[in-house]
Amino acid sequence: MKTLTWNDLITNLDLYPELHLNFEYDKNQTIFPNYHITEFKLAKIQSVDCGGNSDSWTEIILQVLEPKIEKDTESMKLSKVNSIIKKVTNVMEIPSNSILRIEFGNDQSAMRQYFVSEMIPMENALLIQLKDGKTECKASASCGLPKDVVSFPKLEKSNGSCCSPKQKNESNEPAGCC
């Protein structure tokens with residue numbers, strides 16, 4: 001899945017200041033236009049996958065609060081969002097390649113972080129499409145999993161171990177390679 005970055009958002013804010021910012025999630029559900037941007041979180045992630053490979057990246061998480069009741073109003077203009085972002089960037093430096101996530105939940109959907117898969121300029125709005133992520137094994141070549149596995153099937157015990165090729169895999173663990 002393609003995920004958009006902080007730079008993608010900033011570019012659109014600068015290009016279309018007169019447009020309104022709208023969010024779409026799940027199956028064409030939209031966040032109420034009277035939403036409130038409550039917080040920006042910068043997450044610096046360091047990871048080690050089951051093959052022993054390290055990785056690091058940053059994510060910027062924009063938290064959006066949907067009120068309990070939808071009001072008949074227009075959503076925020078990108079110029080207003082841009083003014084909020086200027087306040088944020090005066091306090092913290094956000095790397096332009098940070099993965100952009102939107103944190104959101106309401107009465108029908110538990111709060112979680114969505115990836116931003118598309119930003120679509122429309123007649124009077126910039127539509128940000130939110131998508132759930134999927135679990136993937138970054139060490140799939142050494143684990144023997146195909147790259148297109150969406151969810152892990154129950155793995156049978158094998159003679160090899162993707163995590164430590166020098167050691168024999170003696171685990172009875174039914175899933176995962178470590």
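Which element gives the largest share of the lining of the largest pocket? That's S4, with three residues. Keep in mind that this is a predicted model. Let's look at the pocket first and then at the rest of the fold.

## The largest pocket

The volume of the largest pocket comes out at about 370 Å³. Twelve residues line this pocket, and the ones closest to its centre are Trp57, Phe115, Lys134, Glu136 and Lys138.

What about the chemistry of that lining? Six of the residues are charged, four are nonpolar and two are polar.

## The sheet

Now for the sheet. Seven strands make up an open sheet, and reading across it gives the order S2-S1-S7-S6-S5-S4-S3, with mixed pairing. At the edges sit strand S2 (29-30) and strand S3 (36-48), each of which pairs on one side only.

Let's zoom in on one pair. Strand S6 (residues 112-121) and strand S7 (residues 125-131) run antiparallel, and six bridges join them. If you want a spot to look for in the structure, try Met119, which stands opposite Ile128 in S7.

## Two helices on the sheet

Helix H1 covers residues 6-15 and lies across S3, strand S4 (54-65), strand S5 (99-104), S6 and S7. Its direction is at about 40 degrees to S6. Helix H2 (residues 78-91) packs on the sheet as well, touching strand S1 (20-25), S3 and S7. The direction of H2 makes about 55 degrees with that of S3.

## Asn12, a residue in H1

Is Asn12, which lies in helix H1, buried or exposed? Asn12 has a relative accessible area of 12%, so it counts as buried, the cut-off being under 20%.

Which residues does Asn12 touch, leaving aside those up to four places away in sequence? They are Leu78, Met119, Pro121 and Leu126. You've already met Met119, the residue opposite Ile128 in S7. There's also a nice example of the chain folding back here: Asn12 and Ile120 are 108 residues apart along the chain, yet their C-alpha atoms are separated by 9.3 Å.

## A cavity with a nonpolar lining

Rolling a probe the size of a water molecule over the atoms shows where empty space is left. How many cavities of 30 Å³ or more does the structure hold? Just one. The largest cavity has a volume of about 40 Å³.

Around the largest cavity you'll find Leu9, Leu21, Phe23, Ile37, Leu62, Val81, Leu100, Ile102 and Ile128. S1 and S5 are the elements that give two or more residues to this lining. The lining of the largest cavity is made of nine nonpolar residues, with no polar and no charged ones. The lining of the largest pocket, by contrast, includes six charged residues.

## Two positive phi angles in one loop

Most residues other than glycine have a negative phi. The loop between S1 and S2 holds Asp26, and Asn28 is found in that loop too. Asp26 has a positive phi, near 45 degrees, in a residue other than glycine. Asn28 isn't a glycine either, but its phi is positive, at about 60 degrees.

How accessible are these two? Asp26 has a relative accessibility of 39%, so it counts as partly exposed. Asn28 is at 62% relative accessibility and therefore counts as exposed, the cut-off for that being over 50%.

Notes:
Residues are numbered from 1 along each chain as its sequence is written. This is a predicted model: local features need pLDDT of at least 70, side-chain atom pairs count only at pLDDT 80 or more; totals for chains, interfaces and linings use all residues. Side-chain values use heavy atoms; hydrogens and water are left out. Two strands pair if DSSP finds at least two bridges between them. Helices (H or I, at least four residues) and strands (E, at least two) are DSSP runs, numbered from the N terminus. Contact means heavy atoms within 4.5 Å. Axes are lines fitted to C-alpha atoms, for helices over the stretch in contact, and angles run from 0 to 180 degrees between N-to-C directions. On a 1 Å grid over the protein atoms alone, a cavity is a set of points where a 1.4 Å probe fits but cannot get out, and a pocket is an open set with protein on both sides within 12 Å along at least five of seven lines; lining residues have an atom within 4 Å of a point. Grid points are joined across faces, edges and corners, and a volume is the space filled by probe spheres set on the points. Ala, Val, Leu, Ile, Met, Phe, Trp, Tyr, Cys and Pro count as nonpolar, Asp, Glu, Lys and Arg as charged, and the others, Gly among them, as polar. Buried means under 20% relative accessible area, exposed over 50%, partly exposed in between (1.4 Å probe, protein chains only).
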